[in-house]
Amino acid sequence: MHILITGGAGFIGTNFVRTTVETHPGSTITVLDKIGYAGNPANVEGLPGVTLVVGDIAEKDIVDPLVKAADLVVHFAAESHNDNSLLDPSPFIYSNIVGTFNILEACRKYKVRLHHISTDEVYGDLALDDPNAFTDATPYMPSSPYSASKAGSDMLVRAWVRSFGVEATISNCSNNYGPYQHIEKFIPRMITNRIDGVRPKLYGDGLNVRDWIHVLDHNTAVWAIIEKGRIGETYLIGADGEMNNKNVVMLLNELMGFAPDDYEHVADRAGHDRRYAIDNTKLCEELGWAPHFVDFRSGLEDTIEWYRSNESWWRAAKAETEAKYAAQGQ
Ligand code: NAD
Ligand code: TDX
């Protein structure tokens, strides 16, 4: 099997490529990634059977021949950070919507199976005391330009399945953590701040809840959907990992040898979603998937160790990333 993996040099895509090389040794992989600020060619270079093509999914002439040559497209490529989408939404519309449109048109033309990676943020947010979690029946209600652009990309996929018979599945996953995540994101930002002697910074009251899943569990679920999922279906991926940001920071402080309450509150994010939570019943019962990394404390410990051991991977981006946050009072 030849697999085209878009965004395969970013956080989740890199982990997906690296795992797939081990779990599907007979396959060859082309990574299509524009190597924007979040993509790093070194993440995938030199892996057996993997070729990196540096290019933009919003450019039809680049996408077309690569999709034609593939048996399966796994589509991770996207602008992925909410805070960036508040500063400038335009790359989000371009990559997430125009890019997905191109991928869909090529999959339609060459009749190639597609799996589209999306996010739980398309469903908006839940109140802290809401007894329900998101399911695939929850209405779309995105809050930020990022989540709106992902919602738009999901809608395109659904329409191309129904109107053109494109063989696609969709997954909407909760917050991932683990190795190779860009240090603009919450957990790696806090870890690398601590390494630099800077206190963690909580947006607003710090009580916003995220449903954490280890990136490798996300990716085993994606493979379960590719191999066993029903065409046209949406599967929500989550591992029952709800925790508020304050408790994440307190645990991280403890694991890194600091007083748990050694953090500061900073300016809140505009439109900040209060809580995400995934009901994973469909994925678990229909496809027999279960998460492996069920102990968040030990997953976080391993992640801290990865950032400590791989400072050369993130150091170059740290000053610029923090300067951008500082300009926002964050
Ligand atoms: P990331 O920002 O780390 O990686 C995205 C990759 O896509 C980068 O390597 C970037 O260079 C590439 N890319 C962006 N625009 C491109 C374009 N126009 N052409 C080619 N390549 C392009 O993001 P991530 O966290 O790995 O997210 C991957 C996917 O998973 C996204 O679709 C995101 O919406 C989704 N997702 C992420 C999370 C999470 O917690 N990180 C949760 C659920 C879903
Ligand atoms: O410095 C910070 N302080 C802070 O309190 C940062 C960077 C974040 N936060 C808060 C905001 C969120 O409540 O932490 C939480 C997590 O923030 P992010 O890492 O920016 O993730 P989030 O906005 O929840 O979105 C993530 O999960 C869904 C990914 O970035 C998306 O790509 C994915 O779709």
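## A tour from strand β4 to two ligands

Start by selecting strand β4, residues 72-75: Leu72 and Val74 point one way, Val73 and His75 point the other way, and all of them are buried. Bear in mind as you click around that this is a predicted model.

**Stop 1: the strands beside β4**

Keep β4 on screen and add strand β1, residues 2-6. These two strands pair in the parallel sense, over four bridges. To see one spot where they meet, pick Ile3, whose bridge partner in β4 is Leu72.

Now add strand β5, residues 113-119. β5 also runs parallel to β4, and four bridges join the two. Which residue of β5 stands opposite Val74? Click on His115 and you have found it.

**Stop 2: His116**

Stay in strand β5 and select His116. Is His116 buried or exposed? It's buried, because its relative accessible area is 0%, and the cut-off for buried is under 20%. To see what is packed around it, show its contacts from farther along the sequence, leaving out neighbours within four places. You'll get His75, Thr100, Ser153, Asp154, Val157, Thr169, Ile170 and Ser171. His75 should look familiar: you saw it at the start, in β4.

**Stop 3: ligand 1**

Next, select ligand 1 and show the residues around it; there are 28, and Ile12, Asp33, Ser80, Tyr146 and Lys150 come nearest. Try zooming in on three polar spots:

- Asp33: a polar side-chain atom lies 2.6 Å from an oxygen atom of ligand 1.
- Lys34: a polar backbone atom is 3.1 Å from a nitrogen atom of the ligand.
- Phe76: a backbone N or O atom sits 2.9 Å from an oxygen atom of ligand 1.

How much of ligand 1 does the protein bury? Taken alone, the ligand exposes 830 Å², and the protein buries 96% of that.

Colour the shell by secondary structure and look for α1 (11-23), β5 and α5 (145-164), which each supply at least two residues. β5 gives the most, with three. Colour by class instead, and the shell splits into twelve nonpolar, twelve polar and four charged residues.

**Stop 4: Ser144**

Take a short detour to Ser144, in the loop between β5 and α5. Ser144 counts as buried because its relative accessible area is 11%. Its side chain makes a polar contact with the side chain of Ser147, at 3.0 Å. Not counting residues up to four places away in sequence, Ser144 touches Asn82, Ser85 and Glu121.

**Stop 5: ligand 2**

Finish with ligand 2, which is surrounded by 22 residues. Which ones are closest? Look for Thr119, Tyr146, Arg189, Arg269 and His272. Tyr146 is also one of the residues that come nearest to ligand 1.

Here are three more distances to check, each to an oxygen atom of ligand 2:

- Arg269: an N or O atom in the side chain is 2.6 Å away from a ligand oxygen.
- Ser80: a polar backbone atom is 2.8 Å from a ligand oxygen.
- Phe186: a backbone N or O atom lies 2.9 Å from a ligand oxygen.

On its own, ligand 2 exposes 660 Å², of which the protein buries 94%. For the shell around ligand 2, highlight α6 (186-195) and β8 (201-203), each supplying at least two residues. Sorted by class, this shell has seven nonpolar, eight polar and seven charged residues.

Conventions: Residues are numbered from 1 along each chain as its sequence is written. Chains are lettered from A and ligands numbered from 1 in the order in which they are written. This is a predicted model: local features need pLDDT of at least 70, side-chain atom pairs count only at pLDDT 80 or more; totals for chains, interfaces and linings use all residues. Side-chain values use heavy atoms; hydrogens and water are left out. A residue is near a molecule or strand if one of its heavy atoms lies within 4 Å of it. A polar contact is a pair of N or O atoms within 3.5 Å; within protein, one must be able to donate a hydrogen and the other to accept it, and residues adjacent in sequence count only if both atoms are side-chain atoms. Accessible areas come from the Shrake-Rupley method with a 1.4 Å probe; for residues, only the protein chains shown count as cover. Ala, Val, Leu, Ile, Met, Phe, Trp, Tyr, Cys and Pro count as nonpolar, Asp, Glu, Lys and Arg as charged, and the others, Gly among them, as polar. Buried means under 20% relative accessible area, exposed over 50%, partly exposed in between (1.4 Å probe, protein chains only). Two strands pair if DSSP finds at least two bridges between them. Contact means heavy atoms within 4.5 Å.
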